[in-house]
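Biologist: Could you take me through one part of this model, slowly and in detail? I would like to see how that part sits within the rest of the chain.

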Amino acid sequence: MAHKRQEPLLLRLKGLLDRTGWDYSVEVSTGIHEGSPWDRTWAETRDTLSSLFGPRLHLLGYLADDALVAVLKQADLAALFYEEGVRANNTTLWAALEAGIPVLTNLDAASPLELVHGETVLDLYQTRSLL
């Protein structure tokens with residue numbers, strides 16, 4: 001989600017991806033959230049993520065739910081980060097899990113109990129390697 005630009009988490013993701021030696025790409029979609037100026041938010045996201053991932057970054061724009069699921073089904077990994085940590089209402093995470101896509105995310109004490117590092121998701125803070 002484009003409006004979620006937690007640079008420290010994205011830097012950690014980049015480090016994990018770079019250490020694999022894989023040729024990877026990062027695809028980013030956005031949703032329209034009430035009270036959020038879309039064009040300014042999108043430009044800030046583009047600038048932040050481009051500085052981190054360079055030509056590996058592909059901006060997908062706004063995707064309806066069915067298009068997002070189609071993109072997720074083509075992914076090898078979904079990296080979904082949230083302000084504090086995953087919450088039960090983070091629908092993209094549940095859609096990725098339902099599609100059978102491995103999810104790398106940030107867990108905290110308030111995250112749903114069924115999200116367990118190494119079992120149902122990978123917690124960014126506990127993941128040392130993506131290999």
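What pLDDT does the chain average? And once that is settled, please look closely at helix α1 and at Thr-20, whose place is in that helix.

Modeller: Happy to! This is a predicted model, so confidence is a good place to begin. The chain averages a pLDDT of 89, and 90% of the residues score at least 70. Among the elements, confidence is lowest in α2, at a mean of 83, and highest in β5, at 98.

Now to your helix. With 14 residues, α1 reaches 20 Å from its first C-alpha to its last, close to the 20 Å expected at 1.5 Å a residue. Its buried residues are Leu-9, Leu-10, Leu-13, Gly-15, Leu-16, Leu-17 and Thr-20. As a general point, nonpolar side chains tend to be buried together in soluble globular proteins.

Thr-20 deserves a longer look. Thr-20 counts as buried because its relative accessibility is 12%, and the cut-off for buried is under 20%. The side chain of Thr-20 reaches back to the backbone oxygen of Leu-17, at 2.6 Å. Setting aside neighbours within four places in sequence, Thr-20 is in contact with Leu-130 and Leu-131. Just after α1 comes Gly-21, which takes a positive phi of about 80°.

From there we can step out to the packing around the helix. The largest nonpolar core has 16 residues, and those with the most contacts inside it are Val-26, Phe-53 and Phe-81. At least two residues of this core come from each of α1 (7-20), β1 (26-30) and α2 (38-53). The element that gives the most to this core is α1, with five residues. Val-26 offers a link back to your helix: leaving aside its neighbours within four places in sequence, Val-26 is in contact with Leu-17, as well as Phe-53, Arg-56, Leu-57 and His-58. Leu-17 therefore appears twice in this picture, as a contact of Val-26 and as the residue whose backbone oxygen the side chain of Thr-20 reaches, with Thr-20 itself buried at 12% relative accessibility. There is also a second, separate core of 14 residues, which includes Tyr-82, Val-86, Ala-96 and Leu-115.

For the wider setting, there is an open sheet of three strands in the order β3-β4-β5, with parallel pairing. Its edge strands, β3 (78-80) and β5 (122-123), each pair on one side only. Strand β4 (residues 103-105) is joined to β5 by two bridges, and Leu-104 has Leu-122 in β5 as its bridge partner.

Key
Residues are numbered from 1 along each chain as its sequence is written. Side-chain values use heavy atoms; hydrogens and water are left out. A nonpolar core is a set of buried Ala, Val, Leu, Ile, Met, Phe, Trp, Tyr and Cys residues joined through side-chain atoms within 4.5 Å. Buried means under 20% relative accessible area, exposed over 50%, partly exposed in between (1.4 Å probe, protein chains only). Helices (H or I, at least four residues) and strands (E, at least two) are DSSP runs, numbered from the N terminus. Contact means heavy atoms within 4.5 Å. Two strands pair if DSSP finds at least two bridges between them. A polar contact is a pair of N or O atoms within 3.5 Å; within protein, one must be able to donate a hydrogen and the other to accept it, and residues adjacent in sequence count only if both atoms are side-chain atoms. pLDDT is the predictor's confidence in each residue, from 0 to 100. The expected span of a helix is 1.5 Å times one less than its number of residues.
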